[in-house]
Amino acid sequence: MLDNAHLTIRVVEGKPNHDVIYSLIEAEDGTMYVGLCGETGKDGCYAQILKYNKQEGTFTTLVDLADVIPHPVDDIRPPHSKLHTTFCMAKDGKLLASTHMTAPPLHEDFYHYWHIYNDPDRCYLGSHLIIYDPKTNNAEDFGVVMPKGGARWMTYNPERDEVYMTSFLTSHFYAVSLKTGEIKDIGRISEHDWLGPCYCPADGRVYTTDSQGFFLRYTPETGKMETLPLYTPRSPWFRNEACGIFNLVPGNDGSKLYGSVYNAMHVFEFDPLYGKYGRVRDYGLLGIDEESPTEYPIGKFSPRIMTVGADNKIYVAGKECVSRKDLRHLFSIDIESGEQCDLGALSADGFPPFGGACSICASRDGSIYFGGNPTFGGITAMYIYSPDGKNLPVPDGYDKYRNPPPAKPDKWMPPLYHAVTRQNNAVYVLRGTFVTHEEGRSGTYPLIPRGEGAISALSLDAVSGTVFGTTCGARPHFFSYVSSVDLMRSMTTFGNDGDVCHSMAQTDDGKLYFGTFNPTAPGALYMYDVPECRATYMNMACCDRGEFTNYSGRPQGKMGEVNDCQLDLSSLGTQDGIYALTAVGNNLYGITKPGGFFFIYNTETKELRSHDIFRPLIQEQNNLSKILFTYEGGIYFTAHHGYIIRYDIASDEFQETGLKIPCAAGREYLNCLAAIVPAGEGVFYGGTHGDGYIFRLNLKENTLVNLGKPSGEWQIRAMTLGRDGVIWGITGRDKDLSHLFAYEPETGDVSDKGIMRAKIPNTWIIHRADAMLTGLDGELYIGEHDDISHLVTYFPPIGK
């Protein structure tokens, strides 16, 4: 334990609704700013900015965010209860801070972040950037900088007057210009947002990592985010999950950065100026001299928070792993020699120890300030470490804090009412198993780059069981997935930047066709010769025992060829592309966008015929059907107001069926078909785009029954019929978190299963998915549509 000369305590008094200090920073004039927050304590609690008086040992309230951020008196949204490791000093001397949330809304006893993300009335509206001017003692609300996301980390670029942050819950990287007000969403960079970005003055770039620990480099001038061939240090026995940085802070020289890996427990130096990508120096584990042979972290400390002191040493507050004592120790590491020193427990003599160090600041006078969770005595306090042992004594009246009452129960445990069971309160899908497949194979087959892998369409070759699909983004990719060897790979790229493929169709000769549309360029039709390659795909199951996985490029010859059919759509519309596609025999049938032409293309004779059906049948762009389906000599799609139209192949005529897919009252102008599943005997199950209804369509009897909404979400994104007889589907708007739902035709039961979260091979939450189909063995394939994407396999549960 450190003595009082080296470690002293300052208690935040008179703030019963706040329970943690998450931000600390010292201005050039020596003023110490404190971010006083509410973790999960008082409902409706708003964070405050305090000033600490070093001589008197007292705190003064400067800003109450409840007075700065507009909100209704009876607000049911999560309050801005935190300023979480986001304090930055701007070059003009103003204090910058962005907000976060975890305290419950008013009149509630626990906060539910994932649960309300899609709820327009209850969701957190997003992190606000707060600018405090000490000259005028005025705090300005810059506005929401990360819609629906909280900020747990922020860094400042004085050269461009910009801040950078990552969003909780969706792990997007944001760049915000204080000059222009422009907010750039660079997209998803990771599974979680423990990845505090850090600006490096030496090269003007911003650095962070992904969840696996690979370094990411953002260049503000170009807006480019790069994944570097460099990763954080970790123990040899540690799995490559949650190895991202927890802290990344600049050194005193402004060139090197210093970081910690919370789960992997290593501290390191990162030199971004070394070579092309930088260099990492590992300072090792906290608390021990060398790696132990055991895979269990006994005696090791997880680095919780860190800074570089005026003495050019790294100071780290760590929590001992696997310890009933629950110790929090302070460590110092000499930057040059790497020598490590355990300075002792973060507990001033006679006072309760820290519940957890959450913020840290190195003062110009050499002192190190710590803020954190309540001590084990339940008091909210700041600890001050003096390397030279010259701390001021504790203020008068602190004796009452020396013999604290018993510690509070774990505040992170929800009240019993909110306990998660299979029946209640589960926001994630709890039954069945999700497995994510990377888009390639790290180390042996090229991965589809970030920003190019959003899966837009899937198709199954029923003979070989191979899954084919397309992605969209900066470069569209055509890919295959062979489940027997668990290999997804890009076979080739095709088309142009911005091309999107929504549907694929396999003709009777086995060839696979897919079309594209692009708002700025004409679309095209492509063909992949599945029969030519089928034997190779099927033989892969017999040839791979795992030992021959040498690095290889994309397939050569027919396997790596996508053929442009040279379909000239210019006669239909100069910018028209293929929006929906299906096949009967060796003929393709499609609808174009934006023109709304219906076309017939004979793949053998190359003859193209078309009908201009937009004005007579569709009338509104929002009514363009996203999908076509076939039944007994007819092609079906939806048109004006959501009415189902039949194209009769034999007579080449269009017929009104009189059936209309369901929608909310008065929203027919948004009504169109988004998904359809054949169930046999003329029965189909479908889903709508505008309002997210599902329905049963019987074409034999010419009837349609509205089955209601499977979830509180809008928009059906995809559906498939499982081998278990269940209709599975995905729902949610583009910016929402997609939910999996199920409809059981036998019982009529429809249920929202929740957000899709994989734990194999690593934790990954699917934010958005746009495509799905059923495999030969009853597994479901789901196409993730994000900046970082995966093909996901879902194995539904067997029985009740």
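**Buried, bonded or neither?**

Q: What makes Lys 700 and Glu 681 count as exposed?
A: Both Lys 700 and Glu 681 are exposed, and that label calls for over 50% relative accessible area, while buried means under 20% and partly exposed is in between (1.4 Å probe, protein chains only). This is a predicted model, in which local features need pLDDT of at least 70 and side-chain atom pairs count only at pLDDT 80 or more, while totals for chains, interfaces and linings use all residues. Residues are numbered from 1 along each chain as its sequence is written, and side-chain values use heavy atoms, leaving out hydrogens and water.

Q: How do you know that Lys 700 and Glu 681 meet in a salt bridge?
A: The term asks for a side-chain nitrogen of Lys or Arg within 4 Å of a carboxyl oxygen of Asp or Glu. Here the N to O distance is 3.3 Å, so the pair passes. Lys 700 sits in the loop between β48 (694-698) and β49 (703-708), and Glu 681 in the loop between β46 (673-680) and β47 (683-688), so parts 19 residues apart in sequence get tied together.

Q: Which residues do salt bridges that share partners join into one network?
A: Those are Arg 188, Glu 191, Glu 784 and Asp 786. Across the whole structure, the search turns up 30 salt bridges.

Q: Why do Glu 26 and Arg 364 tie together parts that are far apart in sequence?
A: Their side chains form a salt bridge at 3.0 Å, N to O. Glu 26 belongs to strand β2 (residues 20-26) and Arg 364 to the loop between β26 (357-362) and β27 (368-372), so the linked parts are 338 residues apart in sequence. For the record, strands (E, at least two residues) and helices (H or I, at least four) are DSSP runs, numbered from the N terminus.

Q: Is Glu 26 called buried or exposed?
A: Buried, because its relative accessibility is 7%. Arg 364, at 52%, is exposed.

Q: What makes Glu 39 and Lys 82 a salt bridge?
A: Their closest N and O atoms are 2.3 Å apart. Glu 39 is in the loop between β3 (32-37) and β4 (48-53), and Lys 82 in the loop between α1 (65-68) and β6, so this pair links parts 43 residues apart in sequence. Both residues are buried.

Q: Why is there no disulfide at Cys 200?
A: A disulfide needs a pair of cysteine sulfur atoms within 2.5 Å. The closest cysteine sulfur to that of Cys 200 is in Cys 198, 7.2 Å off, which is too far for a bond. Cys 361 is in no disulfide either, its nearest cysteine sulfur being that of Cys 88 at 12 Å. The total for the structure is 0 disulfides.

Q: How do you know that β6 and β7 pair?
A: Pairing takes at least two DSSP bridges between two strands. β6 and β7 (residues 95-98) have 2 bridges, in the antiparallel sense, so they qualify. Cys 88 stands opposite Leu 96 in β7.

Q: What makes Thr 99 count as buried?
A: Its relative accessibility is 0%. Thr 99 is in the loop between β7 and α2 (113-116). Leaving aside neighbours within four places in sequence, Thr 99 is in contact (heavy atoms within 4.5 Å) with residues including Leu 65, His 80, Lys 82 and His 128.
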